[in-house]
Amino acid sequence: MPHPVGERLRCDECGAEIVFTKACPCPEREPKAHSDICCGKEMRSAGVSETAEPAPVEARH
Ligand SMILES: [Zn+2]
Ligand SMILES: [Zn+2]
């Protein structure tokens with residue numbers, strides 16, 4: 001999976017960040033079916049965040 005859930009992409013130019021809340025299934029082979037462009041450049045992966053997944057709803061009794 002090129003972009004798993006929780007992966008963060010960052011723009012080096014302006015510092016914007018996006019997080020994948022759903023995994024992206026786009027194939028990584030060329031030509032890329034998927035690209036995240038900001039400021040005219042492809043955003044750089046900033047790693048996979050452990051906390052990006054929605055927290056499970058706790059049942060309170
Ligand atoms: Zn930018
Ligand atoms: Zn994609």
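Which residues does proline 2 touch, not counting residues up to four places away in sequence? In this predicted model, the list reads Cys24, Cys26, Glu28 and His34. The views below start there and then work through the rest of the chain.

**View 1. Proline 2 and its contacts from elsewhere in the chain.**
Proline 2 belongs to the segment before S1. Here we've zoomed in on proline 2 with Cys24, Cys26, Glu28 and His34, the residues it touches once those up to four places away in sequence are set aside. Alanine 23 is worth including too: 21 residues separate it from proline 2 in sequence, yet their C-alpha atoms sit 8.2 Å apart. Is proline 2 buried or exposed? Neither label fits: it counts as partly exposed, because it has 16 C-beta neighbours inside 10 Å, and the buried label takes 20 or more while the exposed one takes 12 or fewer.

**View 2. The whole chain, all strands and loops.**
Pulling back for a moment, the protein chain has 5 strands and 0 helices, so to speak a plain β-β-β-β-β when read along the sequence. Just 2% of its 61 residues are buried. Take the contacts between residues at least 6 apart in sequence, and 59% of them join residues at least 24 apart.

**View 3. The open sheet, in the order S2-S1-S5.**
Three of the strands make up this open sheet, with antiparallel pairing. At the edges are strand S2 (17-19) and strand S5 (44-48), each pairing on one side only. From one strand to the next, the twist averages 25°. As a reminder of what holds such an arrangement together, strands of a sheet pair through backbone hydrogen bonds.

**View 4. Strand S1 against S5.**
Strand S1 covers residues 7-10 and pairs with S5 over 3 bridges, in the antiparallel sense. Two facing pairs make handy landmarks: leucine 9 is opposite serine 45 in S5, and arginine 10 is opposite arginine 44, also in S5.

**View 5. The S1 and S2 hairpin.**
Turn to the other partner of S1 and you find S2, joined to S1 by 3 bridges and running antiparallel to it. Arginine 8 faces valine 19 in S2. The hairpin leaves 6 residues between the two strands, and glycine 15 in the turn has a positive phi of about 85°.

**View 6. Aspartate 12, in the loop between S1 and S2.**
How many other C-beta atoms lie within 10 Å of aspartate 12? The count is 11, so aspartate 12 is exposed. Glutamate 42 is shown as well: it is 30 residues from aspartate 12 in sequence, with 9.3 Å between the two C-alpha atoms.

**View 7. Backbone oddities at proline 31 and cysteine 39.**
Most residues other than glycine have a negative phi, and most peptide bonds are trans. Against that background, have a look at the bond from glutamate 30 to proline 31, which is cis with omega near -10°. Proline 31 sits in the loop between S2 and strand S3 (37-38). Further along, cysteine 39 shows a positive phi near 55° despite not being glycine. You'll find cysteine 39 in the loop between S3 and strand S4 (41-42). With 11 other C-beta atoms within 10 Å, cysteine 39 is exposed.

Conventions
Residues are numbered from 1 along each chain as its sequence is written. Chains are lettered from A and ligands numbered from 1 in the order in which they are written. This is a predicted model: local features need pLDDT of at least 70, side-chain atom pairs count only at pLDDT 80 or more; totals for chains, interfaces and linings use all residues. Two strands pair if DSSP finds at least two bridges between them. Helices (H or I, at least four residues) and strands (E, at least two) are DSSP runs, numbered from the N terminus. Axes are lines fitted to C-alpha atoms, for helices over the stretch in contact, and angles run from 0 to 180 degrees between N-to-C directions. Two residues are in contact if their C-beta atoms, placed from the backbone, lie within 7 Å.
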